[in-house]
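Biologist: Could you take one part of this model and walk me through it closely? I'd like to see how its pieces sit together, and then how that part fits in with the rest.

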Amino acid sequence: MNFFYSALRLLAFTALALGSALAAADTARQTIARAALAEAPAQRIEIITLLIGSGDESIAPLLNAWKEDALFLYSAPAGSKIPVQLSGDKDEQGAQAATSVDTGQPILAPTGRPLRLIAADLTAVEHNGALRRAMKAVLDLLDLSTANVEKRVRAIQTIGSSQNVEKLPALQARAKIETAPAAQLALREAIALIQLKSPDTPTKLAALKELETLHTIASADPLKAALKEAETANHPSVANAARAALNAVDSHLMTVNFFGTLFRGLSLGSVLLVVALGLAITFGLMGVINMAHGEMIAVGAYTTYVVQNLFGEGMDLMIPFTRIGVHLPGAHLTGWVYQTYFIVAIPLSFLAAAVVGIGLERSVIRFLYRRPLESLLATWGVSLVLQQLFKLTFGSNNVQVSSPSYLSGNWTYQDIIFGWNRVFVIGFAAFIVVGVWLVLTKTPLGLLIRAVMQNRSMASCMGIRTERVNMLTFGLGSGLAGLAGAFLSQIGNVGPSMGQNYIVDCFMTVVVGGVGNIAGTVISALGIGLADQSLQQILLNPVLGKILVLVSIILFLQWRPAGIFVTRSRSLD
Amino acid sequence: MITKITKLLGVGALALGASFGTARAADTVKVGVLHSLSGTMAISETSLRDVLLFTFDEINAKGGVLGKKIEPVVVDGASNWPLFAEKAKQLLEQDKVAVTFGCWTSVSRKSVLPVYEKNNGLLFYPVQYEGEEESKNVAYTAEAVNQQATPAVDYYLAEGKKKFYLLGSDYVYPQTTNLVLLEYLLSKGVPLANIGGGFKKDESGKIISAGKYTPFGHTDYQQIVAEIKQFAASGDACVISTLNGDTNVPFFKEYAAAGLSAETCPVVSFSISEDEFRGLPAKQLVGQLGCWTYFQSINTPANKKFVADFQAWLKTTKTPGIVKEGRVTCSPMVLSYVGVYLWKAAVEKAGSFDVDKVRAAYQSGLSFDGPGGKVTTQKNMHVTKNVFIGETKADGQFKIVKSFDNVYGEPWLKGKFKAK
């Protein structure tokens, strides 16, 4: 009962405050102009606070302009000071059109033409943290009625977490007319959070019950505070209700963390799988210890970078060993057409890396098929040469690859975040695994590859051109590394030495899975990913998690030196 | 006749050569430049070499120091910490330089420190560091923790932030800085439960490490970002990041993909300046914060002149290996620049290049109006300077949102802030 009285009092107070603001017959614009002209910061805050509850459309742009130093005091020739906002394009002198904050109309110069002012010549109206908070309070309530649901939800949550009793009426009023389900939930939570602060026990208990049903992560902190308060005030019924609500939140958190970890493990495993699959072919099937595998990944990533720039603004390149710079013109695309660059980049990355791989096979590796140690050293050298070429062509700094919008958002279900880039990599990994499996088992080329890898001399005797098959197999493995590079450009660095970050992980994945077996690589990648993420979740320490994963891999290889799946193949003997 | 003339010419040439030689020895002063020009740190440190050469040229054009032209001796530390000590020894014992400007990483500074103390040399160190050190042989123009990290916390507190998540790369600077920040936050009344990232305690229960750490080259930030998302769910949260180098790219990409932004949970980074920004994804960083004692966007005539002069020098310089396009200025560069001028002022006040005399003059409180405003030297070899907080913009520059004037450089901060 008590609570209702206080709520009524508050409502009355708000109405009064609104009334007094209206009595002054100020529009929102006039109020802001008055605040800008006020001398003392405290006075400004007082005037700005009057705007709370107003839904005037001019408030948001003006207050935002103020916060961004785009509101100025202009000394009119008559001697008075006028608050002005500068907008529109700058001309050669840097001048912009000036509109009066007071009326929203352009200010006219003595000549009768609209006045143009240069921002650098004027002093911006000052603001400090306290004033910005006052503005935020005004904007929050303004945002309660914004058409954008996401923005509205955020505004509701901000009000809820502030637990400010004065804002309860506004939320309750909104709850009556709210139709969007997300906003309705947010309102229920926000109202319950504010009611936690109520001095009235039944209201508090009802609020706790509500929070227990909602069990949102955001309510954990206020609930802990409420529990502490109830314990110190010796209020067992409230404390018990708070405990029950906290338990509900905790069990929800556990579910979120469990499925979240599962998803993150799956996505990390997919990343490993994508980068290691190419190596599973070149090292696993062909037996070439290819230390330049990381650079094949980098070729794919740089291809994506080049395609991005060709779709956009164009780019400058240096031709290595000459002092000649080349300018590649860009298509200057924008919007969704530009964003398709990534779709185009994927097959091109495959091709580029495959071509480089075939070149490497023809020039170096084909002489070293029976000499694994030499191939290790030679490909190590090739990797250094390639890194230097990247440096000479693209510069030694990392380059920027922007993520297209369809890969930079997320889908959140029950507080579990499914980043689109992560969902994409899982699908991408599945796609290339199926693709590789189809190529190896259902195509004539696959048949030849398997024949040559099982027994090179026998295949040769049967009239298979083993040289050509070797070349194509190596190209396929390198192309897969290029695909990995295209994807890695979306989640990490693109730079000359990026390949070095992945090469150890690649070998680890392939060796654990069992050399010569692609199914083994799939299982080991997913296993390592899941183990890594679960250990991080349990230990809350990324370094320790990684160390434990490596230790367990060493132990595993002691137990099964040939990996998960043991392959019998003559080429490996 | 002809032989006479040739003889005369010969004698003349000899005399000229001799006088030139002596003039050269008398009119120059050797100054060491000790930075990594190769290896992993080269990307950052080469810029400091460039700005130092620019400063020497600028001073030499105006008559030098005490009438002597500066003669730089540039050596390469090659991102190899023991090599730094070797090179420092060479500069001091062989080249007998009057002063050295150099080092970027704390570990390189620690490795040359004994050499400078043994030979009574003088080293100017320009890059933000963790403090807890004060040698009479090092002039720290660098930002101390209270000239970068604690002002950033003050800014966040004024913005109404209540929860702080600490994240960093796993080495001495982030670890020490976060311990100081932990004490500072507690002293400001932030409860331990509102400080995220986890704690490590020793047997007695004393916290020995605060915050979350990832190794150099870490690429997978999913778990950490998910943790921050839950940490920030109740609002009013922020992240304080001492992540170094290119680990920022996967972190910020993951951060954006998880729907976190500068609006919902801002990140202030202490290791991203204009120079590092060149290799980062601009779109994902817009609105996030940086905190330094200089930004290129500072709108003063002194800074505009500095930026323009540096760009002009880049165009005309004949030193090989200097990148001329797309160059920016950043805080470590300006602190190198300011360091040279402070040394010059100290030498002129002392009237000598002798290290002890120069140090005495330096400690007496000299001022210089640099691109970032006035800097003043202190008794403890650190400098008082202005601190700025900036929001990153898409063009790689910072918009200054807050400044603190004349912040005293205090290296000893551990145990200074007491919890209420």
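Modeller: Happy to; I'll start with the open sheet of chain A and the helices beside it, then move on to other parts of both chains. Please keep in mind that this is a predicted model.

Let's begin with the sheet itself. Five strands of chain A form an open sheet in the order E4-E3-E2-E1-E5, and the pairing is antiparallel. At its edges are strand E4 (116-118) and strand E5 (123-124) of chain A, each of which pairs on one side only. Strand E3 (residues 95-100) of chain A runs antiparallel to E4(A), and three bridges join the two. If you want a pair to look for on screen, A:Gln96 has A:Leu117 in E4(A) as its bridge partner.

A helix packs on this sheet: H2(A) touches strand E1 (71-75) and strand E2 (81-87) of chain A, and its direction makes about 115° with that of E2(A). H2(A) also has a helical neighbour. The axes of helix H2 (residues 28-37) and helix H3 (residues 41-49) of chain A come within 8 Å and cross at roughly 170°. That angle is why H2(A) counts as roughly antiparallel to H3(A). On the H2(A) side, the contact is made by A:Thr31, A:Arg34 and A:Ala35, while H3(A) brings A:Arg44, A:Ile47 and A:Ile48. Sorted by class, this contact has three nonpolar, one polar and two charged residues.

Further along chain A is helix H21 (residues 498-513). Its 16 residues reach 24 Å from first C-alpha to last, close to the 22 Å expected at 1.5 Å a residue. The buried residues of H21(A) include A:Met498, A:Tyr502, A:Cys506 and A:Val510. Among the elements covering the buried residues of H21(A) are helix H11 (236-285), helix H12 (293-311) and helix H22 (518-539) of chain A. Just after H21(A) comes A:Gly514, with a positive phi of about 105°.

Now for chain B, where strand E3 (residues 99-102) is covered on both faces. B:Val99 and B:Phe101 lie on one side, B:Thr100 and B:Gly102 on the other, and all are buried. Strand E1 (residues 28-35) of chain B pairs with E3(B) in the parallel sense over four bridges, and here B:Leu34 stands opposite B:Gly102. E3(B) also runs parallel to strand E4 (residues 123-125) of chain B, joined to that strand by two bridges. In this pairing B:Thr100 stands opposite B:Leu123.

Chain B has a helix of 16 residues too: H6 (residues 172-187), reaching 23 Å from its first C-alpha to its last, close to the 22 Å expected at 1.5 Å a residue. Its buried residues include B:Tyr173, B:Leu179, B:Leu182 and B:Glu183. After H6(B) comes B:Gly189, whose phi is positive, near 85°.

Finally, let's bring the chains together. In this model, 37 residues of chain B are in contact with 36 residues of chain A. On chain B, strand E10 (212-214), helix H7 (222-231), helix H8 (248-257) and helix H10 (282-285) each supply at least two residues of the side that touches chain A. H7(B) gives the largest share of that side, six residues. By class, the side of chain B that touches chain A has 15 nonpolar, 13 polar and nine charged residues.

Conventions
Residues are numbered from 1 along each chain as its sequence is written. Chains are lettered from A and ligands numbered from 1 in the order in which they are written. This is a predicted model: local features need pLDDT of at least 70, side-chain atom pairs count only at pLDDT 80 or more; totals for chains, interfaces and linings use all residues. Two residues are in contact if their C-beta atoms, placed from the backbone, lie within 7 Å. Ala, Val, Leu, Ile, Met, Phe, Trp, Tyr, Cys and Pro count as nonpolar, Asp, Glu, Lys and Arg as charged, and the others, Gly among them, as polar. The expected span of a helix is 1.5 Å times one less than its number of residues. A residue is buried if 20 or more other C-beta atoms lie within 10 Å of its own, exposed if 12 or fewer, and partly exposed in between; C-beta atoms are placed from the backbone. Axes are lines fitted to C-alpha atoms, for helices over the stretch in contact, and angles run from 0 to 180 degrees between N-to-C directions. Angles under 35 degrees count as roughly parallel, over 145 as roughly antiparallel, 65 to 115 as roughly perpendicular and the rest as oblique. Two strands pair if DSSP finds at least two bridges between them.
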